[in-house]
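Student: I would like to learn how to read a protein structure feature by feature. Could we go slowly, please, and take one idea at a time?

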Amino acid sequence: MTKSYNSFGMIDRHQRAAISVEQARDIFVRQSFEPGGFLAFGNGKSYGDSCHNDAGTLVDMRGSEQLIEFDVKTGRLTAQAGMMLSTIIEIGAKHSYFLPVTPGTRFVTLGGAIANDVHGKNHHRRGTFGCHVERFELLRSDGSILVCSPEVNAQCFKATIGGLGLTGIILAATIRLMKVGSLDVVERIHPFKNLEEYFSLAVQTDIENEYAVAWVDQLASGANVGRGILISGSHADNGNFAVSKKVGKLNIPFDLPVSALNYPSLKLFNAAYYNLKGRQQRSHHSGYQSFFYPLDQVLNWNRLYGRSGLFQHQSVLPDEAARSVIPMMLEATREAGQSSFLTVLKRFGDITSPGILSFPQAGYTLTVDFPNRSARTLNLLAELDRMTIANGGRVNPYKDQRMEAEVFKAGFPRWEELEKERDPAFSSNFWRRTALAGAM
Ligand SMILES: Cc1cc2nc3c(=O)[nH]c(=O)nc-3n(C[C@H](O)[C@H](O)[C@H](O)COP(=O)(O)OP(=O)(O)OC[C@H]3O[C@@H](n4cnc5c(N)ncnc54)[C@H](O)[C@@H]3O)c2cc1C
């Protein structure tokens, strides 16, 4: 198999190869390893280098996508780990189920969702994806298959959820889907004038809604600084369970030579979005695709960032710190003259993730993304790292391509527990660059 295995940020692009799960299993049984180790590759929707292992071999999971069992009474679904969340939605919808937790794209594999312990707009109610995993089978490099659950091989279970693919290959997993009144969402729109107003609304909005997320107009200036739209909602009753297989009607067919997302175009886009969205009816029905996956409507939208790719920075800060530090972080991006296309704020609740290295912690998470403008962008990202760590927060590893080892270790002091459970024949660019920096 020789094809492209870029990650979503497309920073470190080059031709990579991968083997199939069957080939990996065969190598493990024969114990005929090449140096450099292995790493499962889901669908490459991680932004940085946590899904790459350039010193060794990637194992492509995408051919491994069979449904094994679905209990329509309980919503318990068992599938091979390469199954896409989009397929799980289709299967569940026929029996009034939906994913209990979904990230902002449905083109993510089941194994990738577990290995990154992804979160959605309902963290305050359902925690992370890993909270809904009952068991999985893990292929280890000694050729054995470990069954892991909260009761059996419990430490390996905790290390694999959010374990960035380092404990082995998840072959199949059982998750519990969530019963819903329909796939549609009754969406509520609440424009806010500044971040203070957002913070005053966020807790109550979470109490009243299954989902909540805020978009911030990062380029607004003067009296409009910090304005944005708080979008919340809950599944509609007696609604629609029709699943559309159509993917985005728009496609960016090739890499633009430079980013189309420059300051003037973004300022215009943001102002237009604020005004249009802000004028929508305060409460209306929204289809699940437009509510959960608006970015899936435009295929290859990451190409808008140009050939140099994009960096996404996602931080989480404890509640009190967030109220003062997040405005300062947004001020720092403005001062650096960098325009973030997507600036998103979300409150995380206090449901503990099962994973040792899961990213969410109680507080507020800020996501910004920037076209790669080399040192200029890297300096700003390093400053955002410093502000995060100095205030008790952490930076998301699966959105990252460049954080320093110290930043990672300060945010995830339990990283050594994962290192103990890591399969010695598994590694990644990210792990070598951060956890193992200086040890090699
Ligand atoms: C538009 C967009 C929106 C997003 N929104 C969110 C969001 O709201 N919340 C959120 O949390 N994330 C979000 N993400 C990130 C994305 O959901 C995660 O990075 C996801 O885990 C990617 O899954 P993947 O299948 O593409 O796996 P990859 O990116 O290919 O791999 C992810 C990790 O999983 C490991 N892995 C993959 N398969 C297996 C397996 N079978 N066994 C063991 N390890 C495995 C890999 O080694 C790697 O470490 C978003 C990404 C995009 C592009």
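Student: In which loop is Leu164 found?

Tutor: Before we begin, please keep in mind that this is a predicted model. Leu164 is found in the loop between helix H5 (154-160) and strand E10 (169-176). Its phi is near 55°, a positive value in a residue other than glycine.

Student: Is Leu164 buried or exposed?

Tutor: The way to decide is to look at the relative accessible area, where anything under 20% is called buried. Leu164 counts as buried because its relative accessibility is 7%. You can set beside it Gln31, which also has a phi near 55° without being a glycine, and which lies in the loop between helix H1 (21-30) and strand E3 (38-41). Gln31 is partly exposed, because its relative accessible area is 44%.

Student: How many disulfides does the structure hold?

Tutor: The structure holds 0 disulfides. To judge a pair of cysteines, you look at the distance between their sulfur atoms, and the cut-off here is 2.5 Å. For Cys148, the closest cysteine sulfur is in Cys156, at 4.0 Å, so the two are too far apart for a bond. Cys148 counts as buried, because its relative accessibility is 0%, and Cys51 also counts as buried, at 8%.

Student: How should I read a sheet, and in which order do the 8 strands come in the open sheet?

Tutor: Strands of a sheet pair through backbone hydrogen bonds, and the pairing can be parallel or antiparallel. Here the 8 strands of the open sheet follow the order E16-E12-E14-E13-E19-E20-E18-E21, with antiparallel pairing. The edge strands, each of which pairs on one side only, are strand E16 (283-286) and strand E21 (394-395).

Student: Starting from the edge strand E16, over how many bridges does E16 pair with strand E12?

Tutor: Strand E12 (residues 185-192) pairs with E16 over 4 bridges, in the antiparallel sense. You can follow one position by eye, since Val186 stands opposite His285 in E16. Another residue of strand E16 is His284, which counts as buried because its relative accessibility is 16%. Leaving aside its neighbours within four places in sequence, His284 is in contact with Val185, Val186, Glu187 and Ile189.

Student: Which residues stand opposite or partner Leu345 in E19?

Tutor: On one side, Ala214 stands opposite Leu345, and E13 and E19 pair in the antiparallel sense over 2 bridges. In E20, the bridge partner of Leu345 is Leu366, and 5 bridges join E19 to E20, again antiparallel. E19 is also mostly covered, with 4 of its 5 residues buried.

Student: In which strand is Gly228 found, and which residues does Gly228 touch?

Tutor: Gly228 is found in strand E14 (residues 228-235), and with a relative accessibility of 0% Gly228 counts as buried. Not counting residues up to four places away in sequence, Gly228 touches His190, Pro191, Phe192, Trp215, Val216, Asp217 and Tyr274. Distance along the chain and distance in space are separate readings: Gly228 and Asn275 are 47 residues apart in sequence and 9.8 Å apart in space, C-alpha to C-alpha.

Student: With which side chains does the side chain of Gln314 make polar contacts?

Tutor: The side chain of Gln314 makes a polar contact with the side chain of Asn396 (2.8 Å), and another with the side chain of Lys399 (2.9 Å). Gln314 lies in strand E18 (residues 310-317) and counts as buried, at 2% relative accessibility. Among the residues that Gln314 touches, setting aside those up to four places away in sequence, are His119, Phe348, Phe359 and Arg394.

Student: How do I check a helix, and where does H9 bend?

Tutor: A helix can be checked by comparing its expected span with the distance between its ends. At 1.5 Å a residue, the 17 residues of helix H9 (residues 319-335) should span 24 Å, and the end C-alpha atoms are 25 Å apart, which agrees. H9 bends by about 35° at Val325, and a proline, Pro327, follows within four residues. The buried residues of H9 include Ala321, Val325, Ile326 and Leu330, and what covers the buried residues includes helix H6 (195-208), E18 and helix H10 (374-390). Just after H9, Gly337 takes a positive phi of about 65°.

Definitions and conventions
Residues numbered from 1 in each chain as written. Predicted model: local features only at pLDDT ≥ 70, side-chain atom pairs only at ≥ 80, totals over all residues. Heavy atoms only, no water. Buried < 20%, exposed > 50% of the residue type's maximum accessible area, 1.4 Å probe, protein only. Contact = heavy atoms within 4.5 Å. Polar contact = N/O pair within 3.5 Å; in protein donor to acceptor, adjacent residues only side chain to side chain. Expected span 1.5 Å × (residues − 1). Bend = angle between axes of the 7 residues up to and from the residue. Pairing = 2+ DSSP bridges.
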